[in-house]
Amino acid sequence: MSLAALNSPARPHAVVPMPTPPIEPARFRDALSRVATAVTIVATNGEHGMAGVTCSAVCSVCDTPATVLVCVNRRSYANGVIKRNGVLCVNWLGSAHAEISQVFAGVGDIPMERRFAPAQWDVLATGAPYCKVAVVALDCRVAQAMEVGTHSIFLAEVVQAAAVESIGDPLVYCQRSYATTRPLVLN
Ligand SMILES: Cc1cc2nc3c(=O)[nH]c(=O)nc-3n(C[C@H](O)[C@H](O)[C@H](O)COP(=O)(O)OP(=O)(O)OC[C@H]3O[C@@H](n4cnc5c(N)ncnc54)[C@H](O)[C@@H]3O)c2cc1C
């Protein structure tokens with residue numbers, strides 16, 4: 001029977017679908033642990049201080065205006081600092097820099113200001129920290145922030161881009177481990 005027929009008002013005993021509860025958080029996390037993501041440091045600086053956090057929940061939204069989306073846990077120290085400063089820089093790391101990811105994920109509990117090793121960090125247009133060894137960095141102003149459950153979604157307008165000359169291999173996170181990509185040869 002077609003879907004149209006099932007939904008037809010002429011059908012006297014149409015089945016009303018029961019609302020489906022969302023899957024459990026652990027199952028959701030397990031499912032997404034299979035998805036490879038790029039690893040970034042989302043960093044901010046300004047009147048309200050300097051902070052950074054390792055984030056994989058980052059994606060491109062559109063090019064007009066050039067916008068990226070970043071999801072940051074509301075319990076993360078960086079969350080409130082990004083909101084107050086209104087600027088952020090997304091720094092995509094290469095596979096040679098997994099240790100930077102670890103530092104900004106809180107491993108070793110290094111105080112925030114010491115996480116920004118001076119040799120590795122600079123600024124672009126907004127003053128948000130730009131990682132000089134990042135594969136690519138997008139310097140942004142926060143256009144909108146919205147709250148969804150445990151996280152804030154930042155929509156950030158890109159004002160400047162910077163990239164290292166030699167791209168190298170990207171740092172990715174998959175199956176709860178760091179990894180990188182390798183080219184596929186297609187026939
Ligand atoms: C591969 C990977 C991807 C991830 N992706 C995401 C993601 O997309 N989104 C996300 O939200 N999280 C993500 N995380 C988790 C995130 O990176 C951190 O692990 C998490 O936010 C905890 O960080 P934290 O330990 O620095 O704790 P936080 O509580 O965020 O920070 C603690 C630090 O902040 C500083 N601090 C606290 N209060 C002050 C103060 N008043 N003044 C100055 N400094 C202060 C101190 O130095 C303290 O050590 C990811 C982690 C990994 C490894």
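**Figure 1. The whole protein chain holds 5 helices and 12 strands.** This is a predicted model. The C-alpha trace spans about 70 × 50 × 35 Å along its principal axes. The radius of gyration of the chain is 21 Å, whereas a compact globule of 187 residues would have one near 16 Å. Buried residues account for 28% of the 187 residues. Take the contacts in the chain with a separation of 6 or more: 66% of them link residues 24 or more positions apart.

**Figure 2. Seen here is an open sheet of 7 strands.** Read across the sheet, the strand order is 3-2-6-9-10-5-4. The pairing is antiparallel. Strand 3 (51-55) and strand 4 (58-63) stand at the edges. Each has a single partner strand, so one side of each lacks a neighbour in the sheet. From one strand to the next, the twist averages 30°.

**Figure 3. Strand 2 (residues 40-44) is mostly covered.** Of its 5 residues, 5 are buried. T40, V42 and T44 point one way from the strand. I41 and A43 point the other way. The residues on both sides are buried.

**Figure 4. Strand 2 pairs with strand 3 in the antiparallel sense.** The pair is joined over 5 bridges. A43 of strand 2 stands opposite G52 in strand 3. The two strands form a hairpin, with 6 residues between them. Within that hairpin, G49 takes a positive phi near 105°.

**Figure 5. Strand 2 also runs antiparallel to strand 6 (residues 87-92).** Here 4 bridges join the two strands. I41 stands opposite N91 in strand 6. In the sheet order, strand 2 sits between strand 3 and strand 6.

**Figure 6. Strand 5 (residues 66-73) pairs with strand 10 (residues 151-163).** The two strands run in the antiparallel sense, over 7 bridges. N73 has H151 in strand 10 as its bridge partner. In the sheet order, strand 5 lies between strand 10 and strand 4. N73 appears again in the ligand view, among the closest residues to the ligand.

**Figure 7. Y77 is found in helix 3 (residues 77-85).** Is Y77 buried, exposed or partly exposed? Count the other C-beta atoms within 10 Å: there are 14. A buried residue needs 20 or more, and an exposed one has 12 or fewer, so Y77 is partly exposed. Leave aside the neighbours within four places in sequence, and Y77 is in contact with A51 and M112. A51 belongs to strand 3 (51-55), an edge strand of the sheet. Now look towards Y130, which is 53 residues from Y77 along the chain. The C-alpha atoms of Y77 and Y130 are separated by 19 Å.

**Figure 8. A shell of 20 residues surrounds the ligand.** Which residues are the closest? They are T54, C55, A57, N73 and G106. Several elements build the shell. Strand 3, strand 5, helix 3 and helix 4 (98-104) each supply at least two residues. By type, the shell divides into 13 nonpolar, 6 polar and 1 charged. Two of the contributors, strand 3 and strand 5, also belong to the open sheet.

Technical notes. Residues are numbered from 1 along each chain as its sequence is written. This is a predicted model: local features need pLDDT of at least 70, side-chain atom pairs count only at pLDDT 80 or more; totals for chains, interfaces and linings use all residues. Two strands pair if DSSP finds at least two bridges between them. Axes are lines fitted to C-alpha atoms, for helices over the stretch in contact, and angles run from 0 to 180 degrees between N-to-C directions. Two residues are in contact if their C-beta atoms, placed from the backbone, lie within 7 Å. A residue is near a molecule or strand if its C-beta atom, placed from the backbone, lies within 6 Å of it. Ala, Val, Leu, Ile, Met, Phe, Trp, Tyr, Cys and Pro count as nonpolar, Asp, Glu, Lys and Arg as charged, and the others, Gly among them, as polar. The radius of gyration is taken over C-alpha atoms; the globule rule is 2.2 Å times the number of residues to the power 0.38.
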